[in-house]
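Colleague: I am new to this model and would like a close look at one part of it, followed by how its surroundings are built. Please take your time over the answer.

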Amino acid sequence: MKEIKDSRDIYDAIKVPNELSSVIEKAIETERKETGRSVIMKENKFRKAWIPAAAAILVIGVTIGLNTSEAFAKSAENIPILGTIAKVLTIRDYESEDNVNISIEQPEIVVDGKNAQTDSKEETGTSSADTKEPEAASSTEYVASVNAAIEKIVSDYKADATKRIEEYKQAFLETGGTEEEWLERGVDIDVSYEIKYQSDTTLSLVLTTNESWVAVYGQQYFFNMDLVNGKDITLEELLGEDYVEKANAVILEQIKQRSETEGYVYWGYEQYSKEYFEANPDFSMGDEGFKTVGPETKFYINEAGNPVIVFDKYEIGPGYMGSQEFEIEK
């Protein structure tokens with residue numbers, strides 16, 4: 001019985017978006033006009049009982065649909081209950097030929113607010129250009145430029161990876177390999193993305209490209225977006241004017257800690273021991289490895305809202321350690 005009561009409490013607590021009520025009202029009116037059937041009967045009871053359930057079902061449907069169907073994702077632009085300025089849709093592509101599999105999940109960012117402009121146009125008779133705020137225009141143009149950059153990265157990577165694999169196959173056959181042996185070597189070309197942080201005003205995502213047969217071609221691209229002002233977010237904006245000194249200090253301290261406690265090896269630091277660190281608190285960084293952060297330093301924003309600085313595999317240490325990440329608390 002407790003489980004039933006808990007379920008009922010959750011059901012009763014569902015907050016119904018105002019926009020959804022409006023949608024239902026319009027649906028009832030349309031049904032009345034188009035079919036001539038009476039929908040007045042127990043209309044208040046209908047709304048009271050159906051709206052919360054519809055809200056729950058619609059939220060579940062949106063979550064599943066956006067992750068399984070591109071057609072549904074595209075149509076989801078007009079659903080008004082998503083609570084952020086932008087939605088991230090997924091464009092999927094899959095190809096397989098011989099032993100080469102290409103799997104692409106490409107993000108497409110859609111700026112919200114399109115509905116508000118449409119509604120304003122319908123009510124006032126003015127054009128969308130007249131009703132669009134400068135901030136919205138800037139944000140829309142900025143997001144379009146990010147989408148274009150992502151599209152180019154994915155397109156170029158797919159073409160380059162296909163060419164590399166063709167060259168690899170040719171070299172494989174010229175050095176004694178057979179077609180049968182080649183077909184036994186599965187080759188995967190993969191593009192995926194991960195949303196690291198999203199709020200009403202900010203979006204941070206990482207696009208990753210990878211090839212299974214040669215890990216050196218794996219690469220990450222970072223997009224930290226100010227959706228209100230239509231621009232990239234910088235480390236300086238997140239950490240302040242002294243972001244270089246602040247980030248450098250944290251990274252060096254974490255390099256020291258990982259070297260001492262986890263056995264990590266960083267270029268320029270492999271010769272240092274715990275005793276060296278204690279005797280030389282202001283040690284020199286050496287000729288290789290980490291030097292300093294700057295405007296071009298790669299990072300994403302984590303769930304806590306902190307920047308996480310990322311160094312590629314081989315960039316500041318041996319490849320076996322993979323990419324290295326350093327969270328800088330604000």
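How many residues does helix α10 have, and what does it reach from its first C-alpha to its last?

Modeller: A word on the basis comes before the helix. This is a predicted model, in which local features need pLDDT of at least 70 and side-chain atom pairs count only at pLDDT 80 or more, while totals for chains, interfaces and linings use all residues. Residues are numbered from 1 along each chain as its sequence is written, and side-chain values use heavy atoms, with hydrogens and water left out.

Helix α10 covers residues 243-261, has 19 residues and reaches 27 Å from its first C-alpha to its last, close to the 27 Å expected at 1.5 Å a residue, where the expected span is 1.5 Å times one less than the number of residues. The name follows DSSP runs, numbered from the N terminus, with helices being H or I of at least four residues and strands E of at least two.

The buried residues of α10 are Tyr243, Ala247, Asn248, Ile251, Gln254, Ile255, Arg258 and Ser259; buried means under 20% relative accessible area, exposed over 50%, and partly exposed in between, with a 1.4 Å probe and protein chains only. Seen down the axis of α10, these buried residues fall within an arc of 135°, so they line one face of the helix; the arc is that of the directions from the helix axis to the C-beta atoms. The face turned away from the buried side of α10 carries the exposed residues Glu245 and Thr261, and just after the helix Gly263 takes a positive phi of about 75°.

One of the buried residues of α10, Ala247, is included in a core of 20 residues, together with Phe290, Phe299 and Ile316. A nonpolar core here is a set of buried Ala, Val, Leu, Ile, Met, Phe, Trp, Tyr and Cys residues joined through side-chain atoms within 4.5 Å. This core is separate from the largest one, which has 28 residues and in which Ile109, Leu207, Phe223 and Met225 touch the most other members. The largest share of that 28-residue core, ten residues, comes from α7.

Turning to strands, β8 (residues 307-311) and β9 pair in the antiparallel sense over four bridges, where pairing requires that DSSP finds at least two bridges between the strands. The bridge partner of Val308 in β9 is Glu327, a residue on the uncovered face of that strand alongside Glu325, whereas Gln324 and Phe326 form the covered face.
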